[in-house]
Amino acid sequence: MLQARGLTRIYRTDEVETTAVRQVDLTVEDGEFLSVMGPSGCGKSTLLNLLGLLDAPTSGEYDFFEQRVSGRSERYLSRLRKGAVGFIFQDFNLMDELTVAENVALPLLYLRVPATERRRRVDEVLERLDIAHRSRHVPGQLSGGQQQRVAIGRAVVMRPRLIVADEPTGNLDTAQGESIMGLLNELNRDGATVVMVTHSADCAAYADRIVHLLDGEITRQETTTSRDA
Amino acid sequence: MLRHYVELFVRQLGRNRLTSIVRLGALVVGFASVLLIGLYIADEASWDHLHSHLDRLFRVTTEIKDADGSQAIALTSGPIGPAMVADFPEVQDSVRLRRVFRGRAVFRYGDKLYYEKGLYAADADFFRLFDFSLESGNPDSALKEPNSIVLTDSMARKYFGPERALGKVLTINQSHDFKVTGVVRDPPPESHLHFDALASFSTLESMPEKHLDRWLFFSEWTYVLLRPDADAMALEGKLIPFAKNGFAEDPSAEYRLHLQPVGDIHLRSNVLYDLEPGGSLGNLYALSLVAIVTLLMAVAISTNLSLAQAADRAREVGIRKAAGAGRSELMVQFLFESVLWSILAFGVAVLLAMALAPRLSVLVGRPLHWRVLWAWSGSPAVAVGVVLLAGLLAGFYPAFVIAGFRPATALRGLIMGRSSKVVLRRVLVALQFSVAIALVAMTILVRRQVRLLETRGLGFERTGLLTVTLPEPLLSRYAGLRDALRAVPGVQDVGAISQAPGEAVAQGPFLPAGGTAQDDRAASILAVDDHLVQTLGVDVSQGRPFSEEFPSDAGGAFLVNQSAAKLFGFTRPVGKRLTWDIDPPRSGTIVGVLKDFHYRSLHEPIGPLVMVIEPSKFRELLVRLRPEEARGALERLGATWNGLAPDEPFEAEFLADSLRSLYIPEQRIGELGYWFTGLAIALAALGLFGLCGELIRRRRREIGVRKAFGASTPAILRLVVREFALLIALSGLVGMPLAALGARHWLESYPYRISLSPGPFVEAFGLALLIGMVTVVVSSWETARARPASALRYE
């Protein structure tokens, strides 16, 4: 499980201090699908980065699957992140110079997975995501939906414990968005913990629980009644 | 993983084409400079390496300490070589080399008649010590018998054409027949010893006045080959009593013999009477520094561009860190990329250097061979080391910075140019411009110094003056020859001299009247006739020049220059007695004082000079041509000469040309300076181009907003230019003092030098500023004139 207590993140420059996340207490159970909603600038993405170990809190405690990570160095976080967290971004964040297969294989490179095994797992993921026929293409040759599928493939190829998705359907049309949400649902059903940030109530409905954020603080939480694929 | 990095590198090459070209261009220029300078240095350091026994081969030099001070000369005397072989078991062999026929003789075969300068007499063991390749003849016997001669390949073809030279007879100076006993390959340029022909040393034994057995007659260059187990330093210690014993005849001076490694002669010889002028170790060090600085400039540009692109790569860093990469893995990636840049640039640089090497060969006056560089550097290991080091140096700081981006910040695009990194990049560009300004200023100063050397007043009029070789056989009738030449239309006057201005002049001991041996003073001595002073056009400040109206001038008179008068302590020298303290001594009266004039190269200050009438020492005639009738005079002179001396070739050269050739090393430095100044400016401009381009790209939005609110293209350009003008101004503050320091240090070695005025520095700064501003305008032009909408849409 993921457990945050009094989690706070303050951004400081020479003139300005901004509290993006303020005293957040949050628990995410293993295998849970959590959605975080709120208006622009409320701190959703910052919270997501903290939960996904992409950033470190200014204060507060955070246990990542029973490991205390608050106060740790970036070096420690990166070691923990490797293989454990899969990221899906709103603007896909694929590497333009790499092919679809190479983008998906990227985490496996850093896990030192041998080339044969790497190829096998990438092929498996691409088949599952129905983009195997585009494996040699570069992102610039794909549609938005296809690019997001590739991003999902990269996020899941190393079978992470946690999938963190920041507005995964933000740059997609309705049909593509539904397809992506279906995939996330499937991955969650397969056992991955999913934390997703979204503006869309329709997308949020896929989650087990919705947390509402305003000005960096959790204002309310709600469990959803049902989740349809 | 490395394969992944290589593939990524190749794909990224095409993405930012302009930045890639600038980066590659800078590194290529840096590496090519290192390769070309390395080629030259390797060549200079390889002199005499053709001799397989080089580590055991030494030249014996003589150090003479007397009341006038200490002097080291490359010459020894005849007995020394054989005595060393006899007395010291460490010495395996010795060879003596001696210039014969005063270094210039007439060679004749059939109707072929030429002056040759490179004739030496050499001991029979010459080819045992030196590995000059004998193409025909027996190396053990070719120089054994008297009147034997070994010719170089060029000489053999000059006289005998395609015919076999071996066995043919050459006549030298009309009276000496030599049988060709060998043909040797022309000595390579990279040798301290160059010759056209070697006569057997045994020939000298039959010639009068050769003083082969006199310890105090210094006319040989002596070489010794030590045994493999010999200790050269210990042997040199043993030479102290050996020399003391041998030179006991002259108790007024202390003589010491030294062993000079032959491999050191070209770059480290600091003795008088070397066979030829050597190279300069100082120049090599300076060139090495230029190579290192050029490469560092290129590395700085590469670093600068990496830092400028840091923000662009932030997203990639964020993605990779999100995918599991650690900081060290990313550092390895970026360092590896930097090394790949280095490798790629080196490959292109090799091609560029090979294309430019022939031009460099022309500049230095001899072919430069790449095999010398590879042999000298030992192996490609050094090249690999330099390439790796350059790559790591260029990539370390950017890798450290870029790999340190926090993933969340990087993915949000919040990596901006932090002020410290921007400052560093500007400092790097400013340093590059400082170096460029310093080099431009130095080059201007070198050119001015060369112009000074070529045009400075010498105390006589150099234009319209010919030097004509006077061979030994014509000495007895030189007066008739001189008068005949004087009568040629267009000739104003003719005089005879032992050494023309600019040539090395002998020194002699002189004793003012009433002095003792302790009062001996050394002065240069020139043998002249009674027309020389007028022909040369030197001013007489007191008394008169030599004159045929005073027959006692021949043998009983001296002329001195002002420096000599001062040396001898004479305020009114005319009428004073002076003794030329030779054996036998020769006394005379000073009849005139000449205003100081430059009888030597401007590399040396004017020293004390004594002139004496001594026809046996005449070697040249100086011919003053009338300016208005000079055309055709040369042909008429040649015709007159050939009519009077058909067996002696007419060899004439304008004195102005031979004086100009004294300053070839400086002319070469000036030309090299142009090359490297051009390089430095190109690198600095490249660096500025890259920096400016990146910074302008980053300010597109700002520029778009400014234009939307009414700013014109010139106004935008002025904004950018102002920013970088300050940068270049600051670089001038560093570059100009650097140049002044360097220039002062270099000029110190010249007794006659330009004064350091602000002019060259201001010119250098102005040029750098102009180039810098043009670079800034060119790199900013597209962005400055773009429509605001495109800039704003881009964001």
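**View 1. The largest cavity of the predicted model encloses about 80 Å³ of space.** In this predicted model, the structure as a whole holds six cavities of 30 Å³ or more. The lining of the largest cavity includes W47(B), R59(B) and H192(B), together with I265(B), H266(B) and S269(B), and a run of further lining residues is made up of D274(B), L275(B), E276(B), P277(B) and G278(B). Sorted by class, the residues that line the largest cavity comprise four nonpolar, four polar and three charged ones.

**View 2. Chain A and chain B meet in a contact that buries about 2,400 Å² between them.** Of this buried area, 54% lies on carbon and sulfur atoms, and the contact draws on 27 residues from chain A and 25 residues from chain B.

**View 3. A salt bridge joins the side chains of K82(A) and E329(B) across the two chains.** The N to O distance in this pair is 3.1 Å, and the count of salt bridges between chain B and chain A is three. Polar contacts across the interface of chain B and chain A amount to eight residue pairs, with both residues at pLDDT 80 or more.

**View 4. Several helices of chain B supply residues to the side that touches chain A.** At least two residues each come from helix 1 (2-13), helix 9 (310-322), helix 10 (327-364) and helix 13 (407-411) of chain B, and helix 9 of chain B gives the largest share, six residues. On this side of chain B, the residues that touch chain A divide into ten nonpolar, five polar and ten charged.

How values were computed
Residues are numbered from 1 along each chain as its sequence is written. Chains are lettered from A and ligands numbered from 1 in the order in which they are written. This is a predicted model: local features need pLDDT of at least 70, side-chain atom pairs count only at pLDDT 80 or more; totals for chains, interfaces and linings use all residues. Side-chain values use heavy atoms; hydrogens and water are left out. On a 1 Å grid over the protein atoms alone, a cavity is a set of points where a 1.4 Å probe fits but cannot get out, and a pocket is an open set with protein on both sides within 12 Å along at least five of seven lines; lining residues have an atom within 4 Å of a point. Grid points are joined across faces, edges and corners, and a volume is the space filled by probe spheres set on the points. Ala, Val, Leu, Ile, Met, Phe, Trp, Tyr, Cys and Pro count as nonpolar, Asp, Glu, Lys and Arg as charged, and the others, Gly among them, as polar. Contact means heavy atoms within 4.5 Å. Buried area is the accessible area (1.4 Å probe) that two parts lose on being put together, summed over both. A salt bridge is a side-chain nitrogen of Lys or Arg within 4 Å of a carboxyl oxygen of Asp or Glu. A polar contact is a pair of N or O atoms within 3.5 Å; within protein, one must be able to donate a hydrogen and the other to accept it, and residues adjacent in sequence count only if both atoms are side-chain atoms. Helices (H or I, at least four residues) and strands (E, at least two) are DSSP runs, numbered from the N terminus.
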